[in-house]
Amino acid sequence: MDLCNISVIRSLMADAGINFRKDYGQNFLTNRIIPEDIAEGCTDESDSLIIEIGPGIGCLTAELASRYKHVVAIEIDKGLIPILDKTLAEFGNVTVINEDVMKVDLKELVDKYSCGMPVSVCANLPYYITTPILMYLLESGVKFSSITVMVQNEVASRLIAAPGKSDYGAITAVLGFFGEARRLFKVSAGCFIPAPKVDSAVVRIDLFKTPKYTPKDEKLFRSLIKAAFEMRRKTLLNALSAKLSLDKEKIREAITSLGFDENIRGERLSTEDFVNLSDVLSQ
Ligand code: SAM
């Protein structure tokens, strides 16, 4: 069964008595090359447990199941579960969980299913909740090898942006703490049903095996990034002194001690710069 064929998708959904749910960000892939390429490119370790978020009717799930050891697919829409039971019936290595991923204890899930295997995430993410899901994954405490996600192309640009570029934002600086992101390929809006308004891209994040940065005060490091980008039109000095209960002079000294002009904006600082700034400020 070609799960990217529009007639197949429509008839599976009609048989189950359901329709596309906009509130769940349901845009299903209709070009079979795309799930093949995503599955192929999501990790280099075939002996992996793959966590998929939002399997839909299972087109990517099937590609993952035929390449990797075990797939755990988390789908919020209970209307899709009977379809997945049918479309994935031939795979003995898929577990479907009907749950909102944001309510799943990922550590517990991985403990239960990984059996010591490397664990990666692979998903065509629902666009209404892309950043919260990414943050949830990164902050879960699970040692993922990689996280490969299809997101809106403009979000992809944000994830891979360099400091100082207009796309660079809080998520870029935070992501840089956990790993390195690269865009694998773009996907045009016409490859989905229903077609979204914008094009998409697949981004793969390779997580650092051992932490690249170890700020003395991780909470402070995170709040510096948050404050800097909440007020990105202000200078870093003004943004931090407005948002954090730190003495302005102390912030000025910390910024200049790192060799930056006191009027620099936060968007010019790399993840490493934010780590260094938090270390100076935490003294
Ligand atoms: N993987 C399919 C594909 O590529 O054609 C469907 C991708 S579609 C963009 C997003 C999927 O995520 C939908 O199946 C939707 O129901 C599911 N979803 C939305 N919010 C979710 C959540 N909070 N937790 C788990 N699944 C979710």
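## Close-up views of a predicted model

**View 1. Thr43 and its surroundings.** The side chain of Thr43 comes within 3.1 Å of the backbone nitrogen of Glu45, a polar contact (a pair of N or O atoms within 3.5 Å; within protein, one must be able to donate a hydrogen and the other to accept it, and residues adjacent in sequence count only if both atoms are side-chain atoms). This is a predicted model, where local features need pLDDT of at least 70, side-chain atom pairs count only at pLDDT 80 or more, and totals for chains, interfaces and linings use all residues. Residues are numbered from 1 along each chain as its sequence is written, and side-chain values use heavy atoms, with hydrogens and water left out. You'll find Thr43 in the loop between α2 (33-41) and β2 (49-53); helices (H or I, at least four residues) and strands (E, at least two) are DSSP runs, numbered from the N terminus. Thr43 counts as buried because its relative accessibility is 5% (buried is under 20% relative accessible area, exposed over 50%, partly exposed in between, with a 1.4 Å probe and protein chains only). Leaving out residues up to four places away in sequence, Thr43 touches Ser48, Ile50, Tyr68, Ser120, Ser146 and Arg204, where contact means heavy atoms within 4.5 Å.

**View 2. The cavity.** Searching the whole structure turns up one cavity of 30 Å³ or more. A cavity is a set of points, on a 1 Å grid over the protein atoms alone, where a 1.4 Å probe fits but cannot get out; lining residues have an atom within 4 Å of a point. The volume of the largest cavity is about 360 Å³, counted as the space filled by probe spheres set on the points, with grid points joined across faces, edges and corners. Its lining has 29 residues, and Ile53, Gly54, Glu75, Asn124 and Pro126 are the closest to the centre. That lining splits into 18 nonpolar, seven polar and four charged residues (Ala, Val, Leu, Ile, Met, Phe, Trp, Tyr, Cys and Pro count as nonpolar, Asp, Glu, Lys and Arg as charged, and the others, Gly among them, as polar).

**View 3. Around the ligand.** A nitrogen atom of the ligand sits 2.8 Å from a backbone N or O atom of Gly54. Tyr128 joins in with a polar side-chain atom 2.8 Å from a ligand nitrogen atom. Over at Gly56, a polar backbone atom is 3.3 Å from an oxygen atom of the ligand.

**View 4. The largest pocket.** This one has a volume of about 410 Å³. Unlike a cavity, a pocket is an open set with protein on both sides within 12 Å along at least five of seven lines. Of the 19 lining residues, Val142, Lys143, Phe178, Leu207 and Phe208 lie nearest the centre. Helices α6 (130-138) and α8 (170-178) each chip in at least two residues of the lining. By class, there are 12 nonpolar, two polar and five charged residues.

**View 5. Two helices, α7 and α11.** In α7 (residues 153-160), Asn153, Val155, Ala156, Ser157 and Leu159 are buried. Those buried residues pack against α6, β6 (146-152), α8, β7 (179-187) and β9 (200-207). Now hop to α11 (residues 248-257), the home of Thr256. Thr256 counts as partly exposed because its relative accessibility is 40%. From C-alpha to C-alpha, Thr256 and Gly176 are 23 Å apart in space, and 80 residues apart in sequence.
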